[in-house]
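Welcome, and please open your viewer. This tour goes stop by stop, telling you what to select and what you will find there.

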Amino acid sequence: MALDSSSVRRRAAVAVLSEVLDEAALLDALFVLHDSLRSDNVTDVIRYIDTVVRKNGLDAGTAKRLYPGFFGALKKAEDELPLDPLPMMMAARQHLRQPVVAPAAWSVPVPPPPPLVVPTPVPIPVPVAVPVIPLVASGVAETTPVAVEPVVMEPPQVPKAPEVEVFAALMHDLVERLQSHHAADFGPVRSDVLLELERSRLPTGLRQQIREAWAEPEFKAWKVDAQAKELSELVHQVYVAVCENLGPVNADRIMTAAVQTADRLPQARQFSPKKFM
């Protein structure tokens, strides 16, 4: 039987936060989780961890350990997690006579997207065969053949699935922003992503494609053969690496801009880039 996602998040929080918080602070962190964290969305989880770190005066090093620790705990089997702390939370709130209130949805202001510049297709010139020209000398007609280079036509590219096209646009924009505005951090981010890639259970062929894409991050290199769930995991790995090296504020800014760029693709009508988050 599948576990309730809210229960998994509570148990993951106990598993990770009990190492750095005392009982009272842990209980408070669980109430914060209940009131604010309603999904496993990477952005929301990072924001929750940052809130706990800030409220309890934890250092940046501890925060860096908590990010992957929380995500790792969410993927553990039921018998590897501590018991659900919900009964303890209900007892504490009953003692304080504070009703459990469902949280309001977060509202994050999003800047207007920049205009999308679509490159104009350039037609490929096709060499035309030149006819044989007769030459007349001393009353005798001769023909001299003119060499014509063979026409080499590239096979037409088969369109990829909408989620692959959207993923390629998102990653290409994200990598370009890292290289343009955070060049010093690009190497560490790439190293962290590739390290997490090797630890993952993604197919061997897909991991090889991603390694090649990071080596030459052109647009077409990100059009990998993968399912939507696998692409989402890859985006999560990149987001966590950017958070750890540039901080959550810069990571949110870069990821939001990349999602907006990908959202302007025609394929985004079939598969929204927000589904990766």
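What follows is a walk through a predicted model, from the whole chain to single side chains.

**Stop 1: the whole chain**

Start with everything shown as a cartoon. The protein chain has 10 helices and 2 strands. Follow the cartoon along the sequence and you will meet the pattern α-α-α-α-α-β-β-α-α-α-α-α. Now switch on the surface: the accessible surface of the protein chain is about 17,000 Å², and 58% of that belongs to carbon and sulfur atoms. Of the 277 residues in the protein chain, 37% are buried. Among contacts with a separation of 6 or more, 70% are made by residues 24 or more positions apart.

**Stop 2: helix H1**

Select residues 5–17, which form helix H1. How far apart are its end C-alpha atoms? They are 18 Å apart, which agrees with the 18 Å that the 13 residues of H1 should span at 1.5 Å a residue. Because 10 of those 13 residues are buried, H1 is largely enclosed by the rest of the structure. Colour the buried ones to see this: Ser7, Val8, Arg9, Arg10, Arg11, Ala12, Ala13, Val14, Val16 and Leu17.

Stay here and pick Arg9, which sits in helix H1. Is Arg9 buried or exposed? Its relative accessibility is 5%, so Arg9 counts as buried. Leaving out residues up to four places away in sequence, Arg9 touches Leu33, Leu37, Arg38, Ser39, Asp40, Phe70 and Leu74.

**Stop 3: helix H2**

Next, select residues 23–36, helix H2. Its 14 residues should span 20 Å at 1.5 Å a residue, and the end C-alpha atoms are indeed 20 Å apart. The buried residues here include Ala25, Leu26, Ala29, Leu30, Phe31 and Leu33.

**Stop 4: the nonpolar core**

In soluble globular proteins, nonpolar side chains tend to be buried together. In this model, the largest nonpolar core has 74 residues. Which of them touch the most other members? Select Tyr48, Phe70 and Phe167.

Zoom in on Phe70. Not counting residues up to four places away in sequence, Phe70 touches Arg9, Ala12, Ala13, Val16, Leu33, Leu37, Val45, Tyr48 and Ile49. You have already met Arg9, and the contact with Phe70 is on its list too.

**Stop 5: the aromatic cluster**

Now for the rings. The structure holds 6 aromatic pairs. One of them joins Phe167 and Phe276 edge-to-face, with 6.1 Å centre to centre and 85° between the planes. This pair links distant parts of the chain: Phe167 is in helix H6, and Phe276 is in the segment after helix H10 (248–263), 109 residues apart. Both Phe167 and Phe276 are buried.

Add Phe271 to the selection. Phe271 and Phe276 form a tilted pair, 5.1 Å centre to centre with 45° between the planes. Phe271 is buried, like Phe276. To see the whole group, select Phe167, Phe186, Trp214, Trp222, Phe271 and Phe276, which form one aromatic cluster.

**Stop 6: the salt bridges**

Side chains of opposite charge can pair when their charged atoms come close. How many salt bridges does a search of the whole structure find? It finds 11.

Begin with Glu78 and Arg11, a salt bridge whose closest N and O atoms are 4.0 Å apart. The two ends are distant along the chain: Glu78 is in the loop between helix H4 (60–74) and helix H5 (86–96), while Arg11 is in helix H1, 67 residues apart. Glu78 has 44% relative accessibility, so it counts as partly exposed, whereas Arg11, at 8%, counts as buried.

Move on to helix H6 (residues 162–181), where Arg177 and Asp173 lie 4 residues apart, about one turn of the helix. Their salt bridge has its closest N and O atoms 2.6 Å apart. Arg177 is partly exposed at 24% relative accessible area, and Asp173 is buried at 11%.

Finish in helix H3 (residues 42–56), with Arg47 and Asp44 placed 3 residues apart. They form a salt bridge with the closest N and O atoms 3.4 Å apart. Here Arg47 is partly exposed, at 25%, while Asp44 is buried, at 17%. As a last selection, add Asp252: Asp44, Arg47 and Asp252 are linked in a network of salt bridges.

Methods: Residues numbered from 1 in each chain as written. Predicted model: local features only at pLDDT ≥ 70, side-chain atom pairs only at ≥ 80, totals over all residues. Heavy atoms only, no water. Salt bridge = Lys/Arg side-chain N within 4 Å of Asp/Glu carboxyl O. Buried < 20%, exposed > 50% of the residue type's maximum accessible area, 1.4 Å probe, protein only. Expected span 1.5 Å × (residues − 1). Core = buried A, V, L, I, M, F, W, Y, C linked by side-chain atoms within 4.5 Å. Contact = heavy atoms within 4.5 Å. Areas by Shrake-Rupley, 256 points an atom, 1.4 Å probe, with all protein chains shown as cover. Phe/Tyr/Trp six-rings, centres within 6.5 Å; stacked < 30°, edge-to-face > 60°.
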